Amino acid sequence: RHCLQDLTVERPVVIPMSATVYVQAGEVLADDACGFDVSGMNRHRWMPCFASGLPFNRDSFVPLSQPMEVWHFDMLNPPEEASQHALDIHFSRAGRFNAVRFWYDLHLYGDVHLSTGPESVEAGLKTLRPAVQYLSGILPVEEGDVAPLTCMHNTVRIRFDLDEAEYISLARPDASFPQIQFSYLGDVGRNEAYCAAIERVVARMKRRGEEVHALDMGCGGSALLAMMAARAGADSVVAAELHDGLCDTARHVVAQNGLSSKVTVVNRDIGLLERGKEVRTQGANLVIADFFDAGLLHDNFLFLLEKAKRNVLQSDFAVVPAAATVYCMGIEAYTKSVEGFDFTPINKYRWDSEYEPVDLSRIPHKKLTKPKKVFEYFFQGQRKGRSRENVLKLDVVDSGLMNAVVFWFDLHLDEEETLTSAPFGIGLGGTPTTDATFPDVSSLQMSAEENQDQPLAAAAEAEDEDGEEFHYIPAAAFAGEKRGYAFKLGSKGLGYYVDIPWHVAAPGQRQ
């Protein structure tokens, strides 16, 4: 309004010309994780305002209505005051209404539009996405039901609400409750891997005739790993959590699953746990943890593990995860031009004192070196990894301006289960899953789609005369790429191993 009134000529051209806002009713709930009832977490699906770009899984938001237009803003006549009106939501399917997602369509000029809707995100829009706002509770609805949704804006913020709704449960307003907890619940592959590893470790300890007394370091709001240990046969589990809200919710979830007799949730700093108080006098002999950030150690896991080792753990204890390996790779992340304009001066600001989590497939870049192992950490036993400081020689595979280092880790839960945060195109052990020249992201994405099942096909073809799969080819040195195989030092020695992608591998093959 200020620009239109004081800085422009009469009837200027404004880009964008207009914006249309759409809203859709939906259900965003988590009831089950690895067979456990985690519905007690849903009461914390609340935020003081909407959140844009939440890390939802594709299926986390279940649409309960068709999208509906809420407002149309003419940028030549922007609103000068707040507005509020009711919009009838016609539900097209039954469910539990607890959230709305909304987005906008910008009419830039002529026939050019830019939408932040879910279809645009699916089509490749990277920097914008729909916003999600939770309601004050959960409202059960049936197909054909109609509910009046109150739509409000005060020219700077948009909000939606239901007046006099008969909620079956109310949300618990707690702005400090970390919403990332719901992303953990939705990470099915990660949860199943932890579950399988915990079951194997507990079973192994039981076969040796040992009692299993577990410590879950940072159980979060679901206490999911603690419940996994209890279900696997642990005699007792202490689930430690410092955050008050997470701790209260974890107790509620544990009780819902009937495991309060085995799982004790304590509201205490892990480093301050004591024998005879929070942990039994004899100490714990199994540690479970899952609070690793993108850089593995930023949340002080090693420090807290050492504290627990001194204070509450037995001398011979097991850890899930048992170890981790960190890898790195040099890349060029350099902006040269955008729509024909020279943007090279902006690259001098590509710096920060800390690392940042990234999805490398969303960042234009060029891989300049081969992946290289940096550190090994052994959380279990007396074996020591590499020192805190290491000097590496990176093998350069392409020319360019190296201004960034990408690093990731393989998290070895046990001997059979490994999770990795490796970027697209790189598998376990830092082994490229595409050709060794490390093409750009666009090429990587295309080759992955075209060759998604090649490793499995190669494994099926590599059979000996008896019909048994030949998973290992001995080799004293790298002899070039073998499609479907990864060259590495494995359990049978140095050579080529069948490289089965994580998303198609059976649980026993994910190592």
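**Exercises on salt bridges and helix α4**

Arg268 counts as partly exposed, at 27% relative accessibility; the class covers values between buried (under 20% relative accessible area) and exposed (over 50%), with a 1.4 Å probe and protein chains only. The model is predicted, so local features need pLDDT of at least 70 and side-chain atom pairs count only at pLDDT 80 or more, while totals for chains, interfaces and linings use all residues. Residues are numbered from 1 along each chain as its sequence is written, and side-chain values use heavy atoms, with hydrogens and water left out.

**Exercise 1.** Identify the salt-bridge partner of Arg268 and classify its exposure.

*Solution.* Step 1: apply the criterion, a side-chain nitrogen of Lys or Arg within 4 Å of a carboxyl oxygen of Asp or Glu. Step 2: the partner is Glu274, with the closest N and O atoms 3.6 Å apart. Step 3: Glu274 has 31% relative accessibility and is therefore partly exposed. Step 4: the count by this rule is 16 salt bridges.

**Exercise 2.** Describe the salt bridges Arg251–Asp248 and Glu306–Arg310 in terms of distance, helix position and exposure.

*Solution.* Step 1: helices are DSSP runs of H or I with at least four residues, strands are runs of E with at least two, and both are numbered from the N terminus. Step 2: the closest N and O atoms of Arg251 and Asp248 are 3.4 Å apart. Because these residues stand three apart in helix α6 (residues 244-256), about one helical turn separates them. Arg251 is partly exposed at 37%, as is Asp248 at 32%. Step 3: for Glu306 and Arg310 the N to O distance is 3.5 Å. Both lie in helix α7 (residues 301-311), four residues apart, or about one turn. Glu306 is partly exposed at 35%, whereas Arg310 is exposed at 64%. Step 4: elsewhere, Arg200, Asp414, Glu416 and Glu417 are joined into one network by salt bridges that share partners.

**Exercise 3.** Test the span of helix α4 (residues 188-207) against expectation, and list its buried residues.

*Solution.* Step 1: the expected span is 1.5 Å times one less than the number of residues. Step 2: the 20 residues of α4 should therefore span 28 Å, and the end C-alpha atoms, 29 Å apart, agree with this. Step 3: the buried residues are Asn191, Ala193, Tyr194, Cys195, Ala196, Ala197, Ile198, Val201, Val202 and Met205. Step 4: their cover includes α3 (180-186), α5 (224-232), β17 (284-289), β18 (313-320), β24 (404-412) and β25 (418-420). Step 5: just after α4, Gly209 adopts a positive phi of about 80 degrees.

Definitions and conventions:
Contact = heavy atoms within 4.5 Å.
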